[in-house]
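Subject: Structure handover

Dear colleague,

I am passing on the structure we spoke about, and below it you will find a short account of what came out of looking through it. Please read the two side by side.

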Amino acid sequence: MPGIVLVGAQWGDEGKGKATDLIGTEVDYVARFNGGNNAGHTVVVGDESYALHLLPSGIISPNVIPVIGNGVVVDLEVLFREIDGLQERGVDCSRLLVSDSAHIIAPFSRVIDKVTERFLGKHKIGTTGRGIGPTYADKINRVGIRVHDLYHPGHLRDKVEASLHQKNQMLIKLYNRRAIGVDETTDELLQLGERLRPYVANTQNVLNAALNKGKTVLFEGGQATMLDIDHGTYPFVTSSNPTAGGACTGTGVGPTKISRVIGVAKAYITRVGEGPFPTELDDAQGEWLRTQGHEYGVTTGRPRRCGWFDAVVSRYAAEVNGLTDIVLTKLDVLTGLERIPICTAYDIKGQGGAAARHTAMPTDQEAFAQAEPVYEEMPGWDEDISAVRKFDDLPQATQDYVHRLEELSGCRISAIGVGAAREQIISVHSLLG
């Protein structure tokens, strides 16, 4: 079976870990293709909850080979802490493969990330401060450190020295910080590299060989569509491509080997950090959604901004990713609402002051920042749906809400999450073909 790509269809935190784990029990490989430990996935198995940041969600499934692709930036200290934590809980991590071409988040990248964000003041982007952006910047500037560099000490030291020459000047003269040492940085990376050695592989060859043999590979994106460096709400975005196209560049697998693209979306919408958010509820309703949905970041612990479902965003995600299916999560959170608004369009004022209605995502980010949501309302429901496993057993109002989201999104909803546990899901259509 060809590859399956799974992406976030909103601003992140949609429940990709749950969806990946659901599909991952029936696939052979799960490959992360972008981002770093700024992403967070929670997988619930029985009474156990696993918070994953760098490791692919398939690590929890014993018959799946988890892969960290070349498009991921890897903080080795975080990776080893995550491995140690899982192994202490009985999870076998020896199957993990890490691309020898993946870029390493060096200690100085975290320093640069934090000081530059503070320096931006009111213009801050909302970075997690984990060195993701500076590492991708070094990659594009062709001065990045890759996994295979860790096994060539002289070459590694030269790269560290070249990278720190400019960065130390900036730290000292612009930010009034002390210089970072070349030798200690090199030694630290070499030590981490030795521990990483058993996991290192040419994952491009591994994944292509698997697909050629008829194995099923699930490509897992960190972050989400609206945080894509090219297609998101720039500049309030991540530093990589979490959209479906990133699966190919982030693993070295060609697009003809992708057969399905699955988007994950909440039954409402959330966002963490800075940036425009048309349906945001900065009121008691927003706090209600946050409380009911336990909306706090897996990686940062920050409270998430909450709002009603945005069908403009959903249509856009379906288009730029070429979605074949949507997994709708957290539908149970909406239980108890008398009426449920859905954003179907935006009103945006032009230069003359008159508002124009937009049903498509504006490409002008200044215009998007001024977008006022246009709502329609659907009846809510009071029944507990957390134990429902068949779509036809849902209350009629719940079914109507799902059908309307499907119609507005232009893509079929193939699975519905009705709780945090692995088994709390309704399968409507097969996600495997």
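Does Asp13 count as buried, partly exposed or exposed? The model is a predicted one, and in it Asp13 has a relative accessibility of 24%, so it counts as partly exposed, given that buried means under 20% and exposed means over 50%. Asp13 sits in the loop that runs between strand β1 (3-8) and helix α1 (16-24), and, once its neighbours within four places in sequence are left aside, Asp13 is in contact with Lys266, Thr270, Val272 and Arg304. The reason to begin with this residue is an annotation: the unreviewed UniProt entry marks Asp13, together with His41 and Lys139, as "active site".

Turning to the chain as a whole, the protein chain has 12 helices and 20 strands. Its radius of gyration is 22 Å, close to the 22 Å that the globule rule gives for 433 residues, so the chain is as compact as a globular protein of that length. The C-alpha atoms fill a box of roughly 65 × 55 × 40 Å along the principal axes, and buried residues make up 57% of the 433 residues. Among contacts with a separation of 6 or more, 75% are between residues 24 or more positions apart.

The protein chain is divided into domain 1 (3-98 + 200-263), domain 2 (103-196) and domain 3 (264-427). The centres of domain 1 and domain 2, taken over C-alpha atoms, are separated by 24 Å, and 23 residues of domain 1 are in contact with 21 residues of domain 2.

As for the interior, the largest nonpolar core has 54 residues, of which Phe219, Leu331, Leu334 and Tyr401 touch the most other members. Helix α12 (residues 396-409) gives the most to this core, with five residues. Domain 1 and domain 3 both give residues to this core, so it lies between them. Leu334 may serve as an example, since, not counting residues up to four places away in sequence, Leu334 touches Ala267, Tyr268, Trp288, Leu289, Ile340, Trp381 and Tyr401. There is also a second, separate core of 42 residues, which includes Tyr50, Leu55, Val74 and Val147.

With best wishes

Definitions and conventions: Residues are numbered from 1 along each chain as its sequence is written. This is a predicted model: local features need pLDDT of at least 70, side-chain atom pairs count only at pLDDT 80 or more; totals for chains, interfaces and linings use all residues. Side-chain values use heavy atoms; hydrogens and water are left out. UniProt positions are given in the numbering used here, feature names are shortened, and annotations may be inferred rather than shown by experiment. Helices (H or I, at least four residues) and strands (E, at least two) are DSSP runs, numbered from the N terminus. Buried means under 20% relative accessible area, exposed over 50%, partly exposed in between (1.4 Å probe, protein chains only). Contact means heavy atoms within 4.5 Å. A nonpolar core is a set of buried Ala, Val, Leu, Ile, Met, Phe, Trp, Tyr and Cys residues joined through side-chain atoms within 4.5 Å. Domain bounds come from an automatic or database domain assignment. The radius of gyration is taken over C-alpha atoms; the globule rule is 2.2 Å times the number of residues to the power 0.38.
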